[in-house]
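Could you walk me through this protein in my viewer, one selection at a time? I am new to structures and would like to know what to click next and what I will find there.

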Amino acid sequence: MLCMRARPFLTSTFSITFSPPKRIPRLRPRTFSVKPTMSSTVEHIVLFKVKPDTDQSKVNTMINNLNGLISLDPVLHLTSGPVIRTGSSLFSFTHMLHSRYNSKDDLAAYSEHPDHMSVVKESVLPICEDIMAVDWVADQSPSPVTPPPGSAIRITFLKLKENLGEEVKNEILRVIKGIKESFGGIDQLTCGENFSPARAKGFSIASIAVFKGVKEMEEADSNEELVKLQKEKIKDYIEGVIVVDYVVPSASSL
């Protein structure tokens, strides 16, 4: 995979637990509902770094409120929670949000919705010291649009060296697209070029790989020769890499 060897982020490996969610009057969490999808899908990833020593109740409130945004009409899929592993020499994120939309307009409508803006202002910004967001149009529409609970998700962001032409960018995307055929256990893989640079910290190429579970992700990582081969194909063009692993929680965990 196009990733660094990730270190365990939680002391209890791959374990994700949530306290019972608090009721949100205007948001009814429906984290795993599916709405009709069109031919193209917009991927939206937000990475959060929660301030050290933040009270866990405030963290739970942030996650519950973010997950509640699935009720907004433009949203096809949305899930949020703690990451299980992160790989980056520059950044250390603690939580993640992944959502999908039918179009850039739908993503904009979600971003501008009063409920979304309220959650960000009241629950996210007060407890986070760093936030990063990347958006791209998927090269193919994922099916199902909602990854099943227990799915392991690997997010990879690439920061390219300056003055690379479109031909090089297309070659990098071609290599990423070929990963699904090279590694077993990947149910979905989408990639694309970020179209929202303001909060992307200079990272311009993004991909999401959805595995059946953590076991399948680890099996892919264990094929070290193949992983090395994939890295060799693009390493001369890359200035930085961020890798985040996340497990889609079950509805009962929220």
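Here is a tour in short stops, each with something to select.

**Stop 1: The whole chain**

Start with everything in cartoon view, and keep in mind that this is a predicted model. You should find seven helices and 10 strands in the protein. Of its 254 residues, 53% count as buried. Now think about which parts of the chain touch each other. Among contacts between residues at least 6 apart in sequence, 84% join residues at least 24 apart.

**Stop 2: An open sheet**

Select strands E2, E3, E5 and E6. Together they form an open sheet of four strands, in the order E3-E5-E2-E6, with antiparallel pairing. Which strands stand at the edges? They are E3 (77-82) and E6 (128-137); each has a single partner strand, so one side of each is left without a neighbour in the sheet. Turn the view a little to follow the twist, which averages 10° from one strand to the next.

A general idea helps here: strands of a sheet pair through backbone hydrogen bonds, either parallel or antiparallel.

Zoom in on E2, residues 42-50. Nine bridges join E2 to E6, and the two strands run antiparallel. To see one such pairing, pick Glu 43 and look across to its bridge partner in E6, Trp 136.

**Stop 3: Helices H1 and H3**

Next, select residues 56-68 for helix H1 and residues 114-124 for helix H3. Two packed helices are described by the angle between their axes and the distance between the axes. Here the helices pack at an angle of about 175°, with their axes 10 Å apart. That makes H1 roughly antiparallel to H3.

Show side chains to see where they meet. On the H1 side the contact is made by Thr 61, Met 62, Asn 65 and Leu 66, and on the H3 side by Val 119, Ser 123 and Val 124. Four of the residues in this contact are nonpolar, three are polar and none is charged.

**Stop 4: Helices H2 and H3**

Keep H3 on screen and add helix H2, residues 104-112. The axes of H2 and H3 come within 5 Å and cross at roughly 55°. H2 and H3 are therefore oblique to each other. Look for Tyr 110, Ser 111 and Glu 112 in H2, which meet Pro 114, His 116 and Met 117 in H3. This contact divides into three nonpolar residues, two polar and one charged.

**Stop 5: Strand E7 and its partners**

Move along the chain to E7, residues 152-160. Is this strand mostly covered or mostly uncovered? E7 is mostly covered, with eight of its nine residues buried.

Add E9, which pairs with E7 in the antiparallel sense over seven bridges. Arg 154 stands opposite Ala 209 in E9. Then add E10, joined to E7 by nine bridges and also running antiparallel to it. For a pair to click on, choose Thr 156 and its bridge partner in E10, Val 243.

**Stop 6: Two nonpolar cores**

In soluble globular proteins, nonpolar side chains tend to be buried together. The largest nonpolar core in this model has 25 residues. Select Leu 158, Ile 172, Ile 176, Phe 183, Ile 186, Ile 205 and Phe 211, the residues with the most contacts inside this core.

Strands E7, E8, E9 and E10 are among the elements that give two or more residues to this core, as are helices H4, H6 and H7. Which element gives the largest share? That is H4, with five residues. A second, separate core has 22 residues, including Ile 70, Leu 97, Val 119 and Cys 128. You have already clicked on Val 119, in the contact between H1 and H3.

**Stop 7: Three spots in the loops**

Finish with the backbone in the loops. Asp 53, in the loop between E2 and H1, has a positive phi of about 65° although it is not a glycine. Asp 53 is exposed, with a relative accessible area of 80%.

Lys 201, in the loop between E8 and E9, also has a positive phi, of about 55°, and is not a glycine. Lys 201 is partly exposed, with a relative accessible area of 29%.

Last, go to Pro 144 in the loop between E6 and E7. The peptide bond from Ser 143 to Pro 144 is cis, with omega near 0°.

Definitions and conventions. Residues are numbered from 1 along each chain as its sequence is written. This is a predicted model: local features need pLDDT of at least 70, side-chain atom pairs count only at pLDDT 80 or more; totals for chains, interfaces and linings use all residues. Side-chain values use heavy atoms; hydrogens and water are left out. Two strands pair if DSSP finds at least two bridges between them. Axes are lines fitted to C-alpha atoms, for helices over the stretch in contact, and angles run from 0 to 180 degrees between N-to-C directions. Angles under 35 degrees count as roughly parallel, over 145 as roughly antiparallel, 65 to 115 as roughly perpendicular and the rest as oblique. Contact means heavy atoms within 4.5 Å. Ala, Val, Leu, Ile, Met, Phe, Trp, Tyr, Cys and Pro count as nonpolar, Asp, Glu, Lys and Arg as charged, and the others, Gly among them, as polar. A nonpolar core is a set of buried Ala, Val, Leu, Ile, Met, Phe, Trp, Tyr and Cys residues joined through side-chain atoms within 4.5 Å. Buried means under 20% relative accessible area, exposed over 50%, partly exposed in between (1.4 Å probe, protein chains only).
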